[in-house]
Amino acid sequence: MTGLTEEPTVLKLAAEAELPGPRGPGGPFGRRSAPEGPPPERERVTLRAKLLTYLVLAPVAILFVAPFVWLISASLQPIGTIFQNPPTWIPDDPTLSGYKGFLDVGHLTGAQEAQGHGDWRWFVNSAFVSVTITVLQTFFNALCAYTFAKRKFPGRNVIFVLFLGTMMVPGQVTLIPNYIIIQHIPFFGGNDWMGTGGHGWLDSYWGLIMPGVVSAFGIFLLRQYMVSIPDELLDAARIDGASEFRIFWSVILPLCTPALAANAIFTFQGAWEDFFWPLIILSSPDKITAPVGLALFVVQNKTSWNLLFAGSVIATLPMIVVFMIFQRHFIKGIAMTGIKG
Amino acid sequence: MATVSAPVRRDIRETRVRRFFWRMWRERSAYLFIAPGVIVFSVFTLAALVFAFYLTFHRWSIIEPEKPYVGLTNYDDMLHDERFVQSVLNTVYFTGASVPLTMIIGLGLALLLNQPIRGRAIFRTAYYLPVVTPFVVSALLWKWLYNGQYGLFNYYLLQGHIIDEPLLWLSDKNLAMPSVVLMSVWSGVGFSMVVYLAGLQAIPAELYESATLDGAGTLRRIRYVTIPLLRPTTLFLLVIGIISSLQVFTQIFVMTSGGPVNKTTTMVYYMYLWAFKYYDMGYASTLAFALFAMLLVFTALQLRLFRGSEDV
């Protein structure tokens with residue numbers, strides 16, 4: 001590869017540092033990962049040093065966790081005790097009214113109704129969009145990565161370098177033109193074949209999902225991983241008469257499970273958290289995703305903080321669940337992706 | 001010679017062209033495989049980039065049918081726009097404060113956690129929790145914590161007699177940006193800690209042993225062994241950190257809406273205002289390109305610095 005821009009250097013650094021990319025948990029989470037901890041030589045830490053360490057670590061940990069404890073506690077309180085000094089950390093009379101109000105089940109007071117309370121649809125929308133983006137992006141990233149890693153065809157390097165070169169472009173630069181492009185997709189949302197007359201993919205799931213179907217960063221990471229798969233395996237499959245897609249599907253994909261899992265988790269996390277893009281292209285209340293809903297909720301309704309806290313807990317749960325379940329699987333992927341940098 | 005070689009050369013060229021197309025035909029499934037990716041990429045990245053550049057030379061309102069060519073007016077306006085200058089300064093302030101803080105605290109925690117002590121896993125998870133939390137949720141939560149009347153910050157600071165009267169945090173024009181920075185540091189420290197931990201575990205133990213034999217104490221070992229060897233990790237975090245904090249938007253949107261008196265209006269928030277509040281896509285694109293230019297300059301500078309010191 002010649003003529004690479006600066007970004008690949010950053011990526012190489014990421015690989016050297018054994019890292020997935022922005023906002024990804026790294027290796028040190030693997031409780032059972034092999035060479036953890038310093039060597040026996042340094043095993044003896046003096047009591048004083050130990051005490052000092054805890055004296056720093058514990059208060060900081062409390063500062064980090066306290067807001068969450070408050071969040072969960074407040075989500076279980078009636079609105080009255082949230083607005084109280086001193087703050088209530090353990091609710092005397094835990095109630096699910098915040099959750100009920102938020103999820104639109106059970107009885108709502110007139111005030112909640114009037115304020116335009118939260119909606120369970122936000123979470124359904126978020127879940128649908130995030131899962132779709134994750135599945136499609138993992139598949140198409142892998143397909144592109146395999147082709148760039150293992151196939152030799154005219155124009156390969158040019159296309160690959162183009163992909164890499166634009167990784168540097170911040171999302172904000174393409175945000176505005178993409179808004180206009182989305183608005184002018186032909187035949188959708190009342191548009192004619194020239195892409196005029198309607199709103200195109202604006203305010204639709206299409207508009208949310210399609211731009212996220214491939215990611216240059218994901219392709220790059222997967223390609224690095226696939227390069228290490230021996231060509232003999234592919235040749236053997238070819239001799240056995242497997243089609244190119246069959247090779248990809250039954251030989252390459254199973255060998256890449258850890259890297260694919262890492263890619264999927266990042267994508268899911270990013271899609272679930274995504275704020276700016278859904279904020280600008282969505283307008284109808286039944287299509288907005290959880291982060292946008294929550295943010296608009298706080299901008300518009302200054303008082304129903306109990307509903308908001310309940311909604312925040314629900315929005316955070318999937319991320320924590322994903323993180324807990326895939327923790328180890330994911331670390332394996334990162335370690336391997338990193339080594340092949 | 002010339003008469004002989006010309007047809008030969010043409011012959012070679014023809015064969016080459018033919019072979020080229022033949023190879024393209026043979027590898028047609030490869031093109032099919034990358035087609036979906038290439039199409040999406042061409043539309044939403046390449047075409048979008050070109051289109052964004054085109055927009056900067058036009059007055060492009062989404063509500064008006066006329067979209068006249070205005071030459072360099074947008075660029076000229078931008079350079080004379082005081083709010084733009086303010087937004088650049090705010091963004092630099094945010095980046096300059098949050099990135100080093102996040103990295104230093106992350107490194108400190110990583111060094112402490114790299115010792116053989118009990119409960120490491122619990123501490124790591126605690127510090128990492130904010131990273132897993134959706135950013136909007138963190139921002140909302142902190143907006144509440146900063147609340148002037150009911151917020152926990154004011155309550156505990158008053159209780160501890162650290163302050164005498166409640167602070168307004170997000171609506172105080174001197175405190176608003178530091179408040180946003182503090183929240184961002186809280187949500188970013190876990191990531192840099194984990195990255196530093198990975199870096200620390202890659203440092204060979206022999207280096208520490210020989211440093212100890214040479215009579216180096218803990219601090220000197222950190223200063224002369226750990227920190228120099230963590231350089232790639234540090235650079236990675238620096239580049240990623242600067243790139244992402246120059247694009248700060250969510251916290252601003254949720255917590256301050258750019259206020260008070262533009263004190264927290266960052267470049268991306270300002271761009272958002274022009275595009276989706278004043279509907280001037282042309283000027284907003286120009287602002288986006290200013291951000292892009294800044295990103296390029298910063299990244300190039302850092303890589304140059306890094307390479308420069310590496311060569312020595």
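Which helix of chain B is B:Trp144 found in? This is a predicted model, and in it B:Trp144 belongs to helix α6 of chain B, which covers residues 135–145. Let's use that tryptophan as a way in.

B:Trp144 has a relative accessible area of 0%, so it counts as buried. Who is around it? Setting aside neighbours within four places in sequence, B:Trp144 touches B:Tyr150 and B:Gly151 from chain B, plus A:Trp70, A:Ile82, A:Phe83, A:Trp305 and A:Phe309 from chain A. There's also a long-range pairing to look at: B:Met255 sits 111 residues away along the chain, yet its C-alpha is 9.2 Å from that of B:Trp144.

Zoom out to the rest of chain B. It has 14 helices and 0 strands, so the pattern read along the sequence is simply α after α. Of its 312 residues, 52% count as buried. If you take the contacts in chain B with a separation of 6 or more, 66% of them join residues 24 or more positions apart. The accessible surface of this chain comes to about 15,200 Å², and carbon and sulfur atoms account for 64% of that.

Now hop over to chain A by way of A:Trp70, one of the contacts of B:Trp144. A:Trp70 is also among the buried residues of helix α2 of chain A, together with A:Leu57, A:Ala61, A:Phe64, A:Pro67, A:Phe68, A:Leu71 and others. That helix takes in residues 47–75, 29 in total, and reaches 41 Å from its first C-alpha to its last, close to the 42 Å expected at 1.5 Å a residue. Don't read α2(A) as perfectly straight, though: a kink of about 35 degrees lies at A:Val65, shortly before the proline A:Pro67. As for the spacing of residues in such elements, an α-helix has 3.6 residues a turn, so residues three or four places apart point the same way.

A second spot where the chains touch involves A:Thr147, in helix α6 of chain A (residues 121–150). A:Thr147 is buried because its relative accessible area is 0%. Beyond its neighbours within four places in sequence, A:Thr147 contacts A:Phe153 and A:Arg156 in chain A, and B:Ala30, B:Phe33 and B:Ile34 in chain B.

Finally, head for the surface. A:Phe326 lies in helix α16 of chain A, residues 305–339. With a relative accessible area of 34%, A:Phe326 is partly exposed. Along with A:Val321, A:Met324 and A:Ile325, A:Phe326 makes a nonpolar surface patch of about 370 Å².

Conventions: Residues numbered from 1 in each chain as written. Chains lettered and ligands numbered in written order. Predicted model: local features only at pLDDT ≥ 70, side-chain atom pairs only at ≥ 80, totals over all residues. Heavy atoms only, no water. Patch = residues over 30% accessible without salt bridge, like charges linked within 9 Å, V, L, I, M, F, W, Y side chains within 5 Å. Areas by Shrake-Rupley, 256 points an atom, 1.4 Å probe, with all protein chains shown as cover. Salt bridge = Lys/Arg side-chain N within 4 Å of Asp/Glu carboxyl O. Helix = DSSP H or I, 4+ residues; strand = E, 2+ residues; numbered from the N terminus. Buried < 20%, exposed > 50% of the residue type's maximum accessible area, 1.4 Å probe, protein only. Expected span 1.5 Å × (residues − 1). Bend = angle between axes of the 7 residues up to and from the residue. Contact = heavy atoms within 4.5 Å.
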